[in-house]
Each structure stands twice: as C-alpha cells, then as structure tokens.
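Here's a relaxed walk through a structure you may not have met before. Keep the 3D view open and turn it as you read.

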Amino acid sequence: MKILVVGGTGLTGRLVTNKLEKLGHKVVIGSPSQGVNILTSEGLQEALTGTEIVIDLSNSSSPEGENALRFFETAGKNLVKAELNASVKHHIVLSIVGTDDALEIGYLRAKKLQEDTIKNSGIPYTIIRSTQFHEHVEAIIQVQGEGDKVFVSNLDYQPIALDDVAEFIVQFSLEEPKNNTIEIAGPRRGKMEAFVSEYIQITGQDKKVIIDNENKYMHFVVPTSLLVPAGQYSVGQVLFEDWALETFKS
C-alpha cells in the first residue's frame, strides 16, 4: 500500500517508515524537507494521490499552548480537506494518554483539537494515545531539576519504549480503522520518582531526587493518574530498566 507518514523525519516517524518499508509498503514522507507542507498544503494533494493510509506524527515547533493550537488547527483542516479529496481509507493520529483530564495545559488542549478534527471529519480513523516515552525521563530531569536536585512528584508513571510505539503504530495502521481511541503503555507501572531515580543511578548522574507531594508535572499541577492508561490498553515489550542500561552502554 501507499502510506503517507506526516512527520516522517522525526524520531518516531523514521522508525515507523523503516518498519513499513521492510514490510514492502511504499512510504511517502510528509515533511517540508520532502516537499510536503501541511501548514501551507504545498505538495500535500500530490503526496496523497493513490494513498490509502495517513499516519499523522506531526508536531508543533513549540509545546506552548497558543502555538500548538494554531499548528494543529491549521494542519488538521488542511489534512482533512486533502484526504477527503483523495478518498483516504484510514487516518492514524498519535496522541497522549490523559489528554481529556488536563485541558488546562495548552499543549494537551491542542492535541484534543487534533483528535476532534479527525473524529468529526468523516474519514475512518484510529487515535492511539500513548504514555510518555522512556526517553522523556531526560526532559523531566532537565525541566524539574535545580542544580544537583531533581524535584519529582509521586505521580503514577508507565513509560513506553519508542520502538514499541512505532510497532503499535504500524500494527494498528494496517488493521481496520477502529473509529475510536486506543491506548498503549509500557510493561511496568510505578511512581515517577522511582523511574527517575533508577535512571539517574544507571546513568551515573550526580543528582538526587527530591519527592514533591504537590502532584506537579513540568510545573503543572495534574491528577495523580494523568500519565497512565485509564482502562484497557496494549502493552509494550521493552522494560524501562533494560532501555536505560542499553542507552547508558551506547
């Protein structure tokens, strides 16, 4: 099949593209560097000619709320219009677990807009809501750190390996559209501070985790279980500790 991967030059996009090509599918990369711009529609209709599946891994240039809202509003309208003209059979969106429960966070509000745009488009769809990637632990350390201390709340946490995310995207994109939202997560659930502490220990960083009981995540006060699946979900294979050890070795 011919498949358009929007955001195909990103970390997730490259993995998804590689896996699809190994399965024998023709993949078109949807990015400005490849002549496809979802904000201006440049090259979009041409890229969609004969395309059956669109995998949307696009992201705004900044997570700041207003910037993200403008991006997903414009990109969503352009994609829907072009996909309807091309009679696309399946649209996949990669989104975030807990999006409905913290709409006061601008980026999550923007992701909800992205989801709703495709839900209301009439195009068959599958929305995949993922927990945070294993790699995100570095961002937690950077954003929530002060000197040699990292302030981490006792939030529920269940990160997933990037490779597992790519595998699920490929799997669900090649299945019949769910016309619904599904969730994916890693194989281990615990408290965020435990994951951060473990990563710091494995990677030998000279930092100390300080438990913050205010339920803060990236400086936002959030529900305790915002970052884990709410119901049934598909489980990844790669354990956090195995990923961290492999990352440290490389």
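A residue counts as buried when its relative accessible area is under 20%, as exposed when that area is over 50%, and as partly exposed in between. Take Arg-14 as a warm-up: its relative accessible area is 47%, so Arg-14 is partly exposed. You'll find Arg-14 in helix H1. From there, look across to Ser-41: the two residues are 27 apart along the chain, and their C-alpha atoms are separated by 22 Å. One thing to keep in mind throughout is that this is a predicted model.

**What the record says**

An unreviewed UniProt entry lists residues 7–171 under "domain: NAD(P)-binding". Over that stretch, the chain is 42% helix and 19% strand. The C-alpha atoms at the two ends of the stretch sit 18 Å apart.

**The cavity and the pocket**

Now for the empty spaces. The structure has one cavity of 30 Å³ or more, and the largest cavity holds about 90 Å³ of space. Which parts of the chain each supply at least two residues of its lining? They are helix H3 (65–86), strand E4 (90–96) and helix H4 (106–119). H3 has the largest share, with five residues. Among the lining residues are Asp-56, Phe-72, His-91 and Gln-114. By class, the lining of this cavity divides into six nonpolar residues, five polar and one charged.

The largest pocket is another story, with about 1100 Å³ of space. It is lined by 37 residues, and those nearest its centre are Asn-59, Ile-96, Tyr-107, Gln-132 and His-136. Helix H1 (11–22), E4 and H4 each supply at least two residues of this pocket's lining, and H4 gives the most, with four. By class, the pocket lining has 16 nonpolar, 17 polar and four charged residues.

**Rings against rings**

There are eight aromatic pairs in the structure. In one of them, the rings of Phe-71 and Phe-72 have centres 5.1 Å apart and planes at 85°, so the pair is edge-to-face. Phe-72 also pairs with Tyr-107, again edge-to-face, at 6.3 Å centre to centre and with 65° between the planes. This second pair links distant parts of the chain: Phe-72 is in helix H3 and Tyr-107 in helix H4, 35 residues apart.

Are these three aromatic residues buried or exposed? Phe-71 is buried, because its relative accessible area is 13%. Phe-72 is buried too, with a relative accessible area of 1%, and Tyr-107 is buried at 16%. Phe-72 also turns up in the lining of the largest cavity, while Tyr-107 is one of the residues nearest the centre of the largest pocket.

Elsewhere, Tyr-157, Phe-195, Tyr-199, Phe-240 and Trp-243 form one aromatic cluster. Phe-195 has a charged partner as well: Arg-188 lies over the face of its ring, at 4.3 Å from the ring centre.

**Two backbone oddities**

Most residues other than glycine have a negative phi. With that in mind, have a look at Asn-179, which has a positive phi of about 50° although it is not a glycine. Asn-179 lies in the loop between helix H6 (162–174) and strand E9 (180–185). Its relative accessible area is 43%, so Asn-179 is partly exposed.

Met-218 is also not a glycine, and its phi is positive at about 55°. The loop that holds Met-218 runs between strand E12 (216–217) and strand E13 (220–221). Met-218 has a relative accessible area of 16%, so this residue is buried.

**Burial in a table**

Here are the residues from this tour, with their relative accessible areas.

| Residue | Relative accessible area | Class |
|---|---|---|
| Arg-14 | 47% | partly exposed |
| Phe-71 | 13% | buried |
| Phe-72 | 1% | buried |
| Tyr-107 | 16% | buried |
| Asn-179 | 43% | partly exposed |
| Met-218 | 16% | buried |

Technical notes:
Residues are numbered from 1 along each chain as its sequence is written. This is a predicted model: local features need pLDDT of at least 70, side-chain atom pairs count only at pLDDT 80 or more; totals for chains, interfaces and linings use all residues. Side-chain values use heavy atoms; hydrogens and water are left out. On a 1 Å grid over the protein atoms alone, a cavity is a set of points where a 1.4 Å probe fits but cannot get out, and a pocket is an open set with protein on both sides within 12 Å along at least five of seven lines; lining residues have an atom within 4 Å of a point. Grid points are joined across faces, edges and corners, and a volume is the space filled by probe spheres set on the points. Ala, Val, Leu, Ile, Met, Phe, Trp, Tyr, Cys and Pro count as nonpolar, Asp, Glu, Lys and Arg as charged, and the others, Gly among them, as polar. UniProt positions are given in the numbering used here, feature names are shortened, and annotations may be inferred rather than shown by experiment. Rings of Phe, Tyr and Trp (its six-membered ring) pair if their centres lie within 6.5 Å; planes under 30 degrees apart count as stacked, over 60 as edge-to-face and the rest as tilted. Buried means under 20% relative accessible area, exposed over 50%, partly exposed in between (1.4 Å probe, protein chains only). A charge sits over a ring if NZ of Lys or CZ of Arg is within 6 Å of the ring centre and within 35 degrees of the ring normal.
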